[in-house]
Amino acid sequence: MLNPQDVIRHKRNGGELSREEIEFFARGVVSGEFADYQASALLMAIYWRGMTEGEQAALTQAMLRSGAVLDFSDIDKPKADKHSTGGVGDKTSLLIAPLVAACDVCVPMISGRGLGHTGGTLDKLESIPGYRVRLSLDEFRAILRRIGFAMMGQTAELAPADRKLYALRDATATVEAIPLIVASIMSKKLAAGLDALALDVKTGTGAFMREEARARELARALVATGNGAGVRTEALLTDMNQPLGRAVGHALEVQECIELLRGEGHARALPVLDLSVELSARMVALTDHDGSVDRDAALAATRARVQQALASGAALECFRENVAAQGGDVRVCDEPARLFASGLRAVKVESPRAGFVTQTDAAEIGFAVASIGGGRVRVEDEIDPAIGFIANACIGDEVAAGDALGVLYCRDEGQAQTAAPRIQRAYTIGDEAPTPPKLIKEVIV
Ligand code: URA
């Protein structure tokens, strides 16, 4: 008979947990057989002792099996999704879902809410008037089948062990342990019944994993776990040392995405599109990967397909159909400026001196926007979707004193006084032109 104390002791002493012990743990946190204080002790032991690849895979599977696993096998198309570890201005899901769906690959996207400096896809979509992300599973399935992509939030049935463990990790300073992050992310993604998964693991000042070596370690562990579970998985290690694109803030980000889908995007927003096309192409290539085909040639072909879905307007049409199906106002697809709220105050954030933008603290920009209602500082916070920041300057740009680093959109003077100086301080202006960071740093297959 297993008991929690023995499992904790085993890991505390540096042992390798058996599959049976790990399953007992995941089941026990949901049933209550593992008390919160015992689960917390085991989490801390895992934090210090780490996990082998086998333990990490077993924990992922055990957390996955703590709840329901969706089955979309009745939809006769491959299914793929992407997951990003999150960043500032990271809005690629809104482009990837229609781009991939327009290439005949279904995207059952189960997304999250934003917290802290990062925004959440569900919150962004809700800035479209009427858009509903609370769907029943039957509605989700019907939209997925008819349109090719559907968006909703995590349900209570999927990976319940993760919900319980995540709250305990948050309260016990064990969120950062890589095996726990991997099991948390992958248990939820694997529960969505996918054939392929592309991961966007971010590194830099606005990333969850700031340090590149740790982000690479996480990306490798995620890829190994996904492939080990039979889901073809690849990761891109991408730069998050500055906001992705121009827009930071819910409605502004959706507006930026629709403009890009319409071929009307600002030049400064193009990195969002480049990264979305690359992740989309990888998702499509992974679903029709046939071992006999040259990988590079297959990827070049799917990139061209994704570009064609964009240029032909097929991706925009797919987005429009999804907005209609999920109850949103489709007029935003024709006039994205409708998303821009009237009566906002535009506050220029000025460069304090002449020079080059050498660095930005992207998380600080995200926190500044969140602190005035453009995001959630605490889980229970209400969001004002209209609030946000449009970045004009990026790393490597030359600026004169008084030039606009960007424009803050807010409701009143108090918000302006709170957020604008904070954003200004997030930019470092130096004398030497830096080498701008490369957006895609590495591919991990
Ligand atoms: N995102 C998750 O879903 N889980 C983690 O542990 C970290 C990021």
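The following exercises, each with a worked solution, examine a predicted model.

Residues are numbered from 1 along each chain as its sequence is written, and side-chain values use heavy atoms, with hydrogens and water left out. Because the model is predicted, local features need pLDDT of at least 70 and side-chain atom pairs count only at pLDDT 80 or more, while totals for chains, interfaces and linings use all residues.

**Exercise 1. The sheet**

Task: State in which order the four strands of the open sheet are arranged, and which strands form its edges.

Solution. Begin with the terms. Helices (H or I, at least four residues) and strands (E, at least two) are DSSP runs, numbered from the N terminus. Two strands pair if DSSP finds at least two bridges between them.

Step 1. The order of the strands is β1-β4-β5-β13, with mixed pairing.

Step 2. The edges are β1 (80–84) and β13 (440–444), each of which pairs on one side only.

Step 3. On average, neighbouring strands of this sheet are turned by 15° against each other, direction ignored. Axes here are lines fitted to C-alpha atoms, for helices over the stretch in contact, and angles run from 0 to 180 degrees between N-to-C directions.

Step 4. Helix α9 (residues 178–190) packs on the sheet and touches β1 and β4. The direction of α9 makes about 155° with that of β1. Contact means heavy atoms within 4.5 Å.

**Exercise 2. Strand β1**

Task: Determine how β1 is joined to β4, and why β1 is described as largely enclosed.

Solution. Step 1. β1 and β4 (residues 196–203) run parallel and are joined by five bridges.

Step 2. Individual positions can then be matched. D81 stands opposite L197 in β4, and the bridge partner of S84 is D200.

Step 3. Recall a general rule: in a regular strand the side chains alternate between the two faces of the sheet. In β1, A80, K82 and S84 lie on one side, D81 and H83 lie on the other, and all are buried. Buried means under 20% relative accessible area, exposed over 50%, and partly exposed in between (1.4 Å probe, protein chains only).

Step 4. Five of the five residues of β1 are buried, so the strand is largely enclosed by the rest of the structure.

**Exercise 3. Two helices of 13 residues**

Task: Compare the end-to-end spans of α17 and α16 with the expected value, then list the buried residues of each helix.

Solution. Step 1. The expected span is 1.5 Å times one less than the number of residues.

Step 2. Helix α17 (residues 413–425) has 13 residues and reaches 18 Å from its first C-alpha to its last, close to the expected 18 Å. In α16, also with 13 residues, the end C-alpha atoms are only 15 Å apart, short of the 18 Å of a straight helix.

Step 3. The buried residues of α17 are Q415, A416, A419, A420 and I423. They pack against β7 (345–350), α16 (362–374), β9 (388–391), β11 (404–410) and β12 (427–430).

Step 4. In α16, 10 of the 13 residues are buried, and the helix is mostly covered. These are A362, A363, I365, G366, A368, V369, A370, I372, G373 and G374.

Step 5. The N-terminal end of α17 is capped by D412, a side-chain oxygen of which lies 3.1 Å from the backbone nitrogen of G414.

**Exercise 4. Two arginines**

Task: Establish whether R216 and R353 are buried or partly exposed, and identify the polar contact of each side chain.

Solution. Step 1. A polar contact is a pair of N or O atoms within 3.5 Å; within protein, one must be able to donate a hydrogen and the other to accept it, and residues adjacent in sequence count only if both atoms are side-chain atoms.

Step 2. R216 lies in helix α10 (residues 212–228). R216 counts as buried because its relative accessibility is 18%. Its side chain is joined to that of E212 by a polar contact of 2.8 Å.

Step 3. R353 is found in the loop between β7 and β8 (355–360). With a relative accessible area of 32%, R353 is partly exposed. The side chain of R353 makes a polar contact of 2.2 Å with the side chain of D431.

Step 4. R353 and G430 are 77 residues apart in sequence, and their C-alpha atoms are 8.9 Å apart in space.
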